[in-house]
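Here are a few exercises to work through with the model open in your viewer. Try each task before you read its solution.

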Amino acid sequence: MDMSGLTSGDLHVALDALHAVGAQSATRGGFARGGIASLAAVIGSELTTLSVCDLDSNHRSVVSDAPGAISARQLEVFDRYFPEHPLVRAHGRHPGAVTKRISDLVPGAAFLESPLYNDYYRPIGIRHAMALPIYVDRRLLVSFVFNRASSPFGERELQLAETVRPHLANLYRLVGAKSVANTASLTPREREVLEWVAAGKTNRDIAAILRARPRTIEKHLERIYEKLGVETRTAAAARARLL
């Protein structure tokens, strides 16, 4: 992508944002929070998330800079349209994926008339979205997603996102490597629980398989999250797939 539209000031802002993210990236949770806060300011996003999409189960989990802005009900609605979402289709299972806006993939009028917009985006007050993919493999798509209610994302914002994308991807992999190293501290039972989580089993399923109480499985997961430096079931499952 041609970066000639960016000024030296823009590049300094992008570099400062990367430094800020790196300073908070001792764990994946820190990386997520730092990335959301720093990138939202650089891009000018009104709602920013780190989105983790499981391409096999058609399920997305998010970390947001506005807790509660996307309800559990809306997450379920998103999953309903998961396979046909323009950004998921453009980025999923494409390791060379680059930053895209929905408007790059679907004409504006067509998007505003789509069930995806009317059922998911309209209720949360969003008309424009841009996704910066930082990790893509056969099953997982991880992206920072920027959203606005009114003004579309311009070429400057797209270029800024694309400038920092490869550096964020490298940082994500480095933090992931630390997390993999942390699995050495898992007990045999915690590893077993983690393997079943990666296989898509619920806590109740795992409890039945291991002949334990669901509450015991919940306690195991709490310790697993802490040791791996993750905050969600999806992130823990992703870590298990890297073992």
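**Exercise 1.** Which residue follows α10, and what is the sign of its phi?

*Ground rules.* This is a predicted model, where local features need pLDDT of at least 70, side-chain atom pairs count only at pLDDT 80 or more, and totals for chains, interfaces and linings use all residues. Residues are numbered from 1 along each chain as its sequence is written, and side-chain values use heavy atoms, leaving out hydrogens and water.

*Solution.* Step 1: go to the residue after α10, which is Arg211. Step 2: read off the phi of Arg211, which is positive, near 55°. Helices here are DSSP runs (H or I, at least four residues), and strands are E runs of at least two, both numbered from the N terminus.

**Exercise 2.** Work out which residues of α10 are buried and which are exposed.

*Solution.* Step 1: set the cut-offs, with buried under 20% relative accessible area, exposed over 50% and partly exposed in between (1.4 Å probe, protein chains only). Step 2: α10 spans residues 203–210, and Asn203, Ile206, Ala207 and Leu210 turn out buried. Step 3: these buried residues cover an arc of only 100° around the axis, so they sit on the same side of α10; the arc is that of the directions from the helix axis to the C-beta atoms. Step 4: flip to the other side of α10, where Arg204 and Ala208 are exposed. The general rule behind this is that an α-helix has 3.6 residues a turn, so residues three or four places apart point the same way.

**Exercise 3.** Classify the ring pairs Phe111–Tyr121 and Tyr135–Tyr172.

*Solution.* Step 1: rings of Phe, Tyr and Trp (its six-membered ring) pair if their centres lie within 6.5 Å; planes under 30 degrees apart are stacked, over 60 edge-to-face, the rest tilted. Step 2: the structure holds 8 such pairs. In one of them, Phe111 and Tyr121 have centres 5.5 Å apart and planes at 65°, so call it edge-to-face. Step 3: Phe111 is in α6 (residues 108–112) and Tyr121 in α7 (residues 115–121), so the pair ties together parts 10 residues apart in sequence. Both Phe111 and Tyr121 are buried. Step 4: Tyr135 and Tyr172 give 5.7 Å centre to centre and 45° between planes, hence tilted. This pair links distant parts of the chain, with Tyr135 in β4 (residues 128–136) and Tyr172 in α8 (residues 155–182), 37 residues apart. Step 5: check burial: Tyr135 counts as buried at 17% relative accessibility, and Tyr172 is buried at 6%.
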